[in-house]
Amino acid sequence: TGALHGWVKTMWRLQDQEKPDAMVVFFDLGGSQDRLALHPEYKAQRKETPEPLERQIPVIKELTRAMGLVGVELDGVESDDLLAAQARLLAAAGHEVLIVSADKDFAQCVGGSIAILTPPPTANPKLGWRRLDAAGVVEKFGVPPAQLNKRSFVANC
C-alpha cells in the first residue's frame, strides 16, 4: 500500500501548496509501438514494474477519480506525449502550466508559462521539491530547454 499512501499524500500536498485551478493526471498504458519501431532500444534498460506496485496502479486510478481529478490515458500513446501536448495547448490558451514529474525529459517543455516541479531525490529528500523555469533548467542541466530535446523522446515539446 506504499504507493497508494504516497500518491494520496502527494496529491493533497500539491493541492494545498500549489493551489491549482485544475489538475490532470496522465497514466501510461504501455509503450508506443511507433516509438519502438523508430528506436528498438527505447526503454530497453528500464526494469519491469515491480508486481506489488503493478497491483496498486488500478487502485491509484480509482483514487484519482475519487479525489475529483481527471485521469487521462490512451492505448498506444505514451503518457509523456499526452502530457506534453496538453501542456502546450494549455499554455497556448494563456494558462500557467506546472508539470509535476521526476522525468528530466519534461525540462524541454519549460518556457513561457510552462514550468516543472520535480520531487526531491530519494537519495536526499531534504532537498525538497524544486520548481524550474527556463533559468532553472539552464542552472540544473547547463543548457536551455530547447537544447534538451536533441536526446529526448518527448515528442510534443
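Me: What makes up the secondary structure of the protein?

Reply: In this predicted model, the secondary structure comprises six helices and five strands. Along the sequence they follow the pattern α-β-α-α-β-α-β-β-β-α-α.

Me: How do you know that β3 and β4 count as paired strands?

Reply: Pairing requires at least two bridges between the strands. β3 and β4 are joined by four bridges and run parallel, so the pair meets the criterion. One of the bridge partnerships links I99 to I116 in β4.

Me: Which residues of β3 lie on its covered face, and which on its uncovered one?

Reply: V97 and I99 form the covered face, whereas L98 and V100 form the uncovered one. In a regular strand, side chains alternate between the two faces of the sheet.

Me: Why is the set of residues that includes I99 and I116 called a nonpolar core?

Reply: The term is reserved for buried residues of the listed nonpolar types, joined through side-chain atoms within 4.5 Å, with buried meaning under 20% relative accessible area. The largest such core has 16 residues, and those touching the most other members are I99, F106, C109, I114, I116 and V137. Because membership requires burial, these residues are each under 20% relative accessible area. At least two residues of this core come from each of α4 (79-92), β3 (97-100) and β4. The largest share, four residues, is that of α4. Another core, apart from this one, has 10 residues, including M11, F27, L69 and L117.

Me: What is I116 in contact with, leaving aside its neighbours within four places in sequence?

Reply: I116 is in contact with L98, I99, S101, D103, F106, A107, V110, R130, R131 and L132. Each of these has heavy atoms within 4.5 Å of I116, because that is the cut-off for a contact.

Me: What share of the protein counts as buried?

Reply: Of its 157 residues, 29% are buried. As for contacts between residues at least 6 apart in sequence, 57% join residues at least 24 apart.

Me: What makes a residue part of the lining of the second largest pocket, and which lie closest to its centre?

Reply: A lining residue must have an atom within 4 Å of a pocket point. For this pocket, with a volume of about 250 Å³, 16 residues line it, and T118, P119, P121, R130 and K140 are the closest to its centre. Two or more lining residues come from each of β4 (114-118), β5 (130-132) and α5 (134-141). By class, the lining has nine nonpolar, three polar and four charged residues.

Note on methods. Residues are numbered from 1 along each chain as its sequence is written. This is a predicted model: local features need pLDDT of at least 70, side-chain atom pairs count only at pLDDT 80 or more; totals for chains, interfaces and linings use all residues. Side-chain values use heavy atoms; hydrogens and water are left out. On a 1 Å grid over the protein atoms alone, a cavity is a set of points where a 1.4 Å probe fits but cannot get out, and a pocket is an open set with protein on both sides within 12 Å along at least five of seven lines; lining residues have an atom within 4 Å of a point. Grid points are joined across faces, edges and corners, and a volume is the space filled by probe spheres set on the points. Ala, Val, Leu, Ile, Met, Phe, Trp, Tyr, Cys and Pro count as nonpolar, Asp, Glu, Lys and Arg as charged, and the others, Gly among them, as polar. Buried means under 20% relative accessible area, exposed over 50%, partly exposed in between (1.4 Å probe, protein chains only).
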